[in-house]
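Here are a few exercises to work through with the model open beside you. Try each one before you read the solution.

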2 protein chains.
Amino acid sequence: MEAIMKDLIINRRSIRKYTNYKISKEELTKIIDESLKAPSSNNLQPLKLLVIDSDEAKRTLKTIMPMNQLQLETSSQLVLIFGDTLKYERAEELFKLAHEAGKMPLELIERHLTKFRTQQIDPTDAKHIASLHLDAGLFAMNFMTLARYYGYDTCAIGGFNKDLANEAFKIDSRYVPILLISIGKKDDEGYDSYRLPASIVADFI
Amino acid sequence: MEAIMKDLIINRRSIRKYTNYKISKEELTKIIDESLKAPSSNNLQPLKLLVIDSDEAKRTLKTIMPMNQLQLETSSQLVLIFGDTLKYERAEELFKLAHEAGKMPLELIERHLTKFRTQQIDPTDAKHIASLHLDAGLFAMNFMTLARYYGYDTCAIGGFNKDLANEAFKIDSRYVPILLISIGKKDDEGYDSYRLPASIVADFI
């Protein structure tokens with residue numbers, strides 16, 4: 001088990017060149033489904049994923065990403081993660097699905113909805129948007145770990161023009177673009193990047 | 001391998017009651033060290049972790065967290081994750097450590113530092129702070145997965161008073177509080193919460 005974890009999490013590296021292996025839609029859907037087990041604030045699951053799968057979609061991505069061309073060209077897919085600034089507005093619909101799946105009692109639903117109604121969320125509030133980024137990070141790490149479990153590698157890419165992403169892909173402005181992740185069969189080994197140790201990062205009190 | 005991954009990621013549940021087992025500082029440090037393998041924007045590793053380990057620190061936390069009392073009392077530790085809004089100011093120091101570890105050539109350091117100098121980052125900028133939340137999420141998911149690998153469970157807690165956290169723990173205001181995670185040996189089974197399927201969340205284009 002030690003060896004497996006080392007391979008999945010500890011020895012993960014960003015990969016920027018992939019072979020021409022194409023991951024099937026079915027398999028990538030399974031990886032996404034499993035990655036969606038990540039928690040989110042109030043379990044509101046505010047993410048929207050755009051899987052850039054076709055050559056045409058890659059060409060569109062190219063217009064908002066001047067760098068990272070090798071990944072763009074060689075990756076099997078790229079997953080563009082958005083956060084829904086109007087997540088509270090779809091809470092009732094989400095909770096209905098949870099209830100139908102037998103995983104959320106009606107009294108709990110009512111308590112949550114009452115709480116949300118009293119919160120008066122401003123969708124452009126910085127803290128609210130920051131929380132979407134936290135939820136995106138939780139999902140993204142699961143996705144990168146599970147990708148490796150299925151034999152693939154990834155690279156998290158922040159370097160694309162977020163101001164143009166919605167227009168390029170015709171995505172409603174309620175969704176804010178957060179992170180892009182390339183995925184595929186690796187065709188290079190990446191490099192071992194430095195990490196600060198816990199002794200510097202963490203204080204026990 | 002399938003069974004292991006299901007147990008670590010797919011069957012993770014939020015645990016809100018723990019046994020009185022105390023995780024040693026050494027073991028928790030190891031879990032944090034391994035979790036820090038998560039990527040971060042520009043590999044700037046902007047997180048600061050406060051490990052709430054003592055009864056006194058738990059009492060301080062209690063003053064800013066009216067809910068979640070059972071977790072507070074029974075968890076072995078709680079990890080409070082902060083993001084450093086002045087991460088660019090310590091880039092040079094970080095890169096020096098990376099260089100000394102043989103993992104960052106000098107010309108790459110110079111290129112990054114030149115880029116950062118031209119960026120004129122406002123530490124209170126909403127997008128900058130949102131990016132710290134993304135990095136926190138990447139780390140947090142690794143931490144929750146690795147905790148389970150070592151036989152522990154966790155719960156991600158957003159419900160504490162972030163406006164008072166710095167003052168309560170005497171943390172410089174350059175660090176913004178992002179997420180709290182309790183950890184320990186589970187003493188209940190949690191519950192299976194609903195997740196939206198990839199067929200709803202993801203669009204292939």
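**Exercise 1. Find how many residue pairs are in polar contact across the interface of chain B and chain A.**

Solution. Start with the rule: a polar contact is a pair of N or O atoms within 3.5 Å; within protein, one must be able to donate a hydrogen and the other to accept it, and residues adjacent in sequence count only if both atoms are side-chain atoms. Applied across the interface of chain B and chain A, with both residues at pLDDT 80 or more, this gives 38 residue pairs. Next, look at who supplies the surface: helix α7 (residues 126-149) of chain B gives the most to the side of chain B that touches chain A, with 16 residues. Helices (H or I, at least four residues) and strands (E, at least two) are DSSP runs here, numbered from the N terminus.

A word on ground rules: this is a predicted model, where local features need pLDDT of at least 70 and side-chain atom pairs count only at pLDDT 80 or more, while totals for chains, interfaces and linings use all residues. Residues are numbered from 1 along each chain as its sequence is written, chains are lettered from A and ligands numbered from 1 in the order in which they are written, and side-chain values use heavy atoms, with hydrogens and water left out.

**Exercise 2. Work out how much area is buried between chain B and chain A, and which three residues of chain B supply the most of its share.**

Solution. First, contact means heavy atoms within 4.5 Å, and on that basis 71 residues of chain B touch 71 residues of chain A. Buried area is the accessible area (1.4 Å probe) that two parts lose on being put together, summed over both. It comes to about 6,700 Å², with carbon and sulfur atoms giving 67%. Then pick out the top trio: Y194(B), F204(B) and I205(B) supply 13% of the area that chain B buries against chain A, more than any other three residues.

**Exercise 3. Say what rotation superposes chain B on chain A.**

Solution. Superpose by least squares on the C-alpha atoms of residues with pLDDT of at least 70 in both copies. A rotation of 180° with 0.0 Å of shift along its axis does the job, at an RMSD of 0.0 Å. The two copies are thus related as by a two-fold rotation axis. Now check the surfaces: 100% of the interface residues of chain B are also interface residues in chain A, so the copies meet through the same surface.

**Exercise 4. Which residue of chain B pairs with K127(A) in a salt bridge, and which with K103(A)?**

Solution. Take a salt bridge as a side-chain nitrogen of Lys or Arg within 4 Å of a carboxyl oxygen of Asp or Glu. K127(A) meets D163(B), at 3.2 Å from N to O. K127(A) lies in helix α7 of chain A and D163(B) in helix α8 (residues 162-169) of chain B, so the pair joins two chains. Both residues are exposed, where exposed is over 50% relative accessible area, buried under 20% and partly exposed in between (1.4 Å probe, protein chains only). K127(B) also forms a salt bridge with D163(A), at 3.2 Å between the closest N and O atoms.

Turning to K103(A), the partner is D192(B), with the closest N and O atoms 3.0 Å apart. This pair crosses between chains, from the loop between α5 (91-100) and α6 (106-119) of chain A to the loop between β4 (175-184) and α9 (198-201) of chain B. K103(A) is partly exposed at 31%, and so is D192(B) at 33%. For the tally, there are eight salt bridges between chain B and chain A, and 26 over all chains.

**Exercise 5. Decide which residues of helix α8 of chain A are buried.**

Solution. The buried ones are A165(A), N166(A) and F169(A). Viewed down the axis of α8(A), they fall within an arc of 95° (taken from the directions from the helix axis to the C-beta atoms), so they line one face of the helix. The face turned away from that buried side carries the exposed D163(A) and E167(A). Cover for the buried residues includes β1 (47-52), α3 (55-62), β2 (77-84) and β4 of chain A. Finally, check the ends: N161(A) caps the N-terminal end, with a side-chain oxygen 3.0 Å from the backbone nitrogen of D163(A), and K170(A), with a positive phi near 55°, follows the helix.
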